[in-house]
Amino acid sequence: MIDALARTFTPENLRDLLRHGITTAVFSSVIAAALAISGRGDWGSQFVYSLSIGMIIWIVIDIGRMLLTRRSEKKWPLGAPGVLLVLSGVAAGFLGGNLIGDAWTDRPYLEFWTFAPHKFASTLLITLVATVAICYFYYSRGKAKYLEGQIALAERDAADARLKLLETQLEPHMLFNTLANLRVLIATDPPRAVAMLDRLNSYLRVTLSGSRALTHPLANEFQRLGDYLELMSVRMGPRLAYRLDLPDDLRDVPVPPLLLQPLVENAIRHGLEPKVEGGEITVGARRESQNLIIDVRDTGAGIDNAQPPSEDGGFGLAQVRERLATVYGARSSLGLVAGPAGGTCATVTLPLPP
Amino acid sequence: MKPTALIAEDEPLLAQALRAELAAAWPELQVLAVVGDGQSAVREALRLLPQVLFFDIRMPGQDGLGAAAELADAWPADEAPMPQLVFVTAYDEYAARAFDAQAIDYVLKPVQAERLQRTVARLQQALELRNSPAVPADDALASTLSQWRKLLAAAGGAAALPGADTAPLKLIAASEAGSSGNTVRMVPIDEVQYFEAADKYVRVLTRSHEYLIRTPLKQLLPQLDPKVFWQVHRAIVVRSEAIESVHRDEAGKMNLDLRGRKEKIPVSRLYAHLFRAM
């Protein structure tokens, strides 16, 4: 019980409650002043009526609102409960406020009910309009604030996703092993060390800028794959051979950056690395009517249907599929088949720009 | 006699670097061969019988752990004393953390002279102790085997995914051997007599049935009560209470008979200490 109370009346809620109360009081006073000026009665009694009605409505609606939204992030009950809350607030305020006012001015209770129906109607109308106006004002403010919070949350999620993508692209094992090899080369073969460092440099540059750009030319994508494969071939020595085939007329086709990277990584990790003698990776692009076809072939260990995919193995393919679907929708596809002479062939199909 | 070594490392440059650093840290050490995969490591070690093995954990084909486990059984202990085993691993592999946690010596890639010097000092000490006439050959073998066991347990346990489920297993969801795999049987752990790793599966054997699961043995092990289930071979874990008798054949290999099962269960040399007569 105390727990539930503490959950409902948080410091934030109490602050809101107070703010709404003050606003309502000011609003009621303005209405009272307007009514007094227009000659509906003396100032004192107008203030009593108006403030009593306003304060009761405030208490009923604001506390009711907190109780109803206890378990939700939103600050206002949506749908029928919200409408009912306003109506019951108005009813309670109108009745209670008039009773208090009548008591204050020593009039018979609710006499205008019977002998001044037009006054009854106008008071009720003023009450209703003022209540709805104030509620709507705070409702939209709360909604804007809630939406702002949601947007901030979504932005944080997007940043997280970007970071995760970057992390998979800059696989630490690959990076540290490359550095370990580089360390050896510095002592034994400085010119090769410099060449490897240049490759690492451009690999890192594309990886870091690529996670922001939306597309880059296919030629850049191939260049990037070349850097990665060259780094890997320094590490794997004669166990890795590779070939990149990019026809000149396809060089400028825009593609999502780093789209092919996971496929080449898979070819190395699941194809060549488990195989003692290693093998060859071929990446080729070609045009087929209105489509661009890119093949990543390896002569490695091959697809193993009996083997459950390792916890990271599925991630690369899923990521490529997801990116294709986001950019090209159903007009793109990713297929994975066993190569004719063993090994695996991953094929990406995407529409060429008109 | 000059100390000899074998290096198994699949990345040529790193193998070359380890060899160069070893030449500086331990000039007398003769590196007999450098190989790039697990199978070659086993083959060359049995051919050359070196005194020290440097095994990379991650290698194509058979990895360093598999190669070491196979060597443990295949090593001709009456021809040459069991070699000292040192694992080589990159800092970011889980094995490195497991070794650190248990204060087990290992070689870290990239090899750094100062750190390698400590490993070399320890190896020299171990070889000296082993060659001293004061230590009986059997004791030397037992202590080397226990060292190997510790290494394989640490590296193998680490391979079983850090943070993996270690809650004791009660039921095993398995498919019946020979079935299409469409029906999953829930096998109570109390009925299991032993587990045997076979290719891509682990066979689960009760008194009367055989089931298959896909969880690798190394991931299964942390979920089994070590008092109830004993690893007796790199591919076999048996219910200790099911063991009826232990036999040693003419070649000195150990076998188990289990209650309710007819087949003989081989015991690896690494785990033979479990069955020394009381």
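The following questions and answers introduce a predicted model with chains A and B.

Residues are numbered from 1 along each chain as its sequence is written, while chains are lettered from A in the order in which they are written. Because this is a predicted model, local features need pLDDT of at least 70 and side-chain atom pairs count only at pLDDT 80 or more, whereas totals for chains, interfaces and linings use all residues; side-chain values use heavy atoms, with hydrogens and water left out.

Student: How many residues of chain B are in contact with chain A, and what area is buried between chain B and chain A?

Tutor: Contact means heavy atoms within 4.5 Å, and buried area is the accessible area (1.4 Å probe) that two parts lose on being put together, summed over both. By the contact rule, 23 residues of chain B touch 25 residues of chain A. Carbon and sulfur atoms give 56% of the buried area, which comes to about 1,900 Å².

Student: Which three residues supply the most of the area that chain B buries against chain A?

Tutor: The share of one trio, 28%, is more than that of any other three residues of chain B. Those residues are B:Glu11, B:Leu13 and B:Lys200.

Student: Which residue of chain A forms a salt bridge with B:Arg58?

Tutor: A salt bridge is a side-chain nitrogen of Lys or Arg within 4 Å of a carboxyl oxygen of Asp or Glu, and the count between chain B and chain A is 3. In the pair formed by B:Arg58, the closest N and O atoms are 4.0 Å apart, and the partner is A:Glu273.

Student: Is B:Arg261, which forms a salt bridge with B:Glu263, buried or exposed?

Tutor: Buried means under 20% relative accessible area, exposed over 50%, and partly exposed in between (1.4 Å probe, protein chains only). The closest N and O atoms of this pair are 2.9 Å apart, and B:Glu263 is partly exposed because its relative accessible area is 26%. With a relative accessibility of 17%, B:Arg261 therefore counts as buried.

Student: Which residues are linked with A:Arg286 in a network of salt bridges?

Tutor: One salt bridge joins the side chains of A:Arg286 and A:Glu288, at 3.4 Å from N to O. A:Arg286 counts as partly exposed because its relative accessibility is 35%, and A:Glu288 counts as partly exposed at 41%. The network links A:Arg286 with A:Glu288, A:Asp295 and A:Arg297.
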